Amino acid sequence: QVQLVESGGGLVQAGGSLRLSCAASESFFNMGWYRQAPGKQRELVASITRGGNTDYADSVKGRFTISRDNAKNTVYLQMNSLKPEDTAVYYCNASPALSRVNYWGQGTQVTVSS
C-alpha cells in the first residue's frame, strides 16, 4: 500500500519560512505539492520529476523551491517570503510515469498570519 507521509506545516508570520517534507513508501517519477484553501479548488503549487525537472505555479515562483532526494523517496518544499494568501492545506502528490494514477498525502496545514 502506497503511503505519503507529510511533515513541516505550521503557523508562521508573513515574510517567514517553512519547509515541508513528504516521504513516500516507494519511488515515483513525479512528485509534487498541491494546496487547497477554504472555499477554493485544489491547485498545483510545484512539481518535480525524478530527473529534476520542475514546474511552479506563477504565484509562488521566486519564493518556493521544490527539491527531492531520490534515495529517500522524499520531496521537499522550501517556502520563503510567505504571504497570508499562502494559507492552505498542503498535499503531497505522487504519480508514476505515463500514468493517470495519483497518490495523495493526508495534508498538512500551513497558516500565515499578517
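Colleague: Which backbone oxygen lies 3.0 Å from a polar atom of the side chain of R68?
Modeller: Happy to take that one, with the reminder that this is a predicted model. The residue R68 sits in strand β7, which covers residues 64–69. A polar atom of the R68 side chain is 3.0 Å from a backbone oxygen, and that oxygen belongs to F29.

Colleague: What other backbone oxygen does the side chain of R68 reach, at 3.2 Å?
Modeller: The contacts of R68 give a good hint, as they include F28, F29, N30, M31, I48 and T49. Among these, the backbone oxygen that the R68 side chain reaches at 3.2 Å is that of I48.

Colleague: R68 has no salt bridge, so how far away is the nearest side chain of opposite charge?
Modeller: Side chains of opposite charge can pair when their charged atoms come close. A salt bridge here needs a nitrogen and a carboxyl oxygen within 4 Å. R68 is buried and has no such partner, and the nearest candidate, D69, is away by 8.2 Å.

Colleague: In β9, which residue is the bridge partner of M31?
Modeller: Let's place the strands before the residue. Strand β4 pairs with strand β9, residues 88–95, in the antiparallel sense over seven bridges. Within that pairing, M31 is matched with A94.

Colleague: And which residue in β5 does N30 stand opposite?
Modeller: Here we look at another pairing of β4, residues 30–36, with β5, residues 43–49. These two strands are antiparallel and share six bridges. Opposite N30 in β5 stands T49.

Colleague: Which residue in the hairpin of β4 and β5 takes a positive phi?
Modeller: There are six residues between the two strands of this hairpin. One of the hairpin's residues has a positive phi near 80 degrees, and that residue is G39.

Colleague: With which residue does R35 form a salt bridge at 2.9 Å?
Modeller: R35 also meets the side chain of E43 in a salt bridge, with N to O at 2.8 Å. For the pair at 2.9 Å, both residues are buried. R35 is in strand β4 and its partner is in the loop between β8 and β9, 51 residues apart, so the pair links distant parts of the chain. That partner is D86.

Colleague: Is E43 buried, partly exposed or exposed?
Modeller: Its salt-bridge partner R35 has a relative accessible area of 6%, so R35 counts as buried. For E43 the relative accessible area is 35%. Buried means under 20% and exposed means over 50%, so E43 is partly exposed.

Colleague: Which residues are linked with R35 in a network of salt bridges?
Modeller: We have already met two of them, since R35 pairs with E43 and also with D86. Adding the remaining member, the network joins R35 to E43, D86 and R63.

Colleague: Which residue forms a salt bridge with K61?
Modeller: The count of salt bridges comes to four. In the one with K61, the closest N and O atoms are 3.1 Å apart. The partner is exposed, at 64% relative accessibility, and its name is D58.

Colleague: What is the radius of gyration of the protein chain?
Modeller: The chain has eleven strands and zero helices. The globule rule gives 13 Å for 114 residues, and the chain is close to that, so it is as compact as a globular protein of that length. Its radius of gyration is 13 Å.

Colleague: What share of the 114 residues is buried?
Modeller: For the wider picture, the C-alpha trace spans about 40 × 25 × 20 Å along its principal axes. Within the protein chain, the buried share of residues is 40%.

Note on methods
Residues are numbered from 1 along each chain as its sequence is written. This is a predicted model: local features need pLDDT of at least 70, side-chain atom pairs count only at pLDDT 80 or more; totals for chains, interfaces and linings use all residues. Side-chain values use heavy atoms; hydrogens and water are left out. Two strands pair if DSSP finds at least two bridges between them. Helices (H or I, at least four residues) and strands (E, at least two) are DSSP runs, numbered from the N terminus. Buried means under 20% relative accessible area, exposed over 50%, partly exposed in between (1.4 Å probe, protein chains only). Lys and Arg count as positive and Asp and Glu as negative; His and the chain ends are not counted. A polar contact is a pair of N or O atoms within 3.5 Å; within protein, one must be able to donate a hydrogen and the other to accept it, and residues adjacent in sequence count only if both atoms are side-chain atoms. Contact means heavy atoms within 4.5 Å. The radius of gyration is taken over C-alpha atoms; the globule rule is 2.2 Å times the number of residues to the power 0.38. Lists of a residue's contacts leave out its neighbours within four places in sequence.
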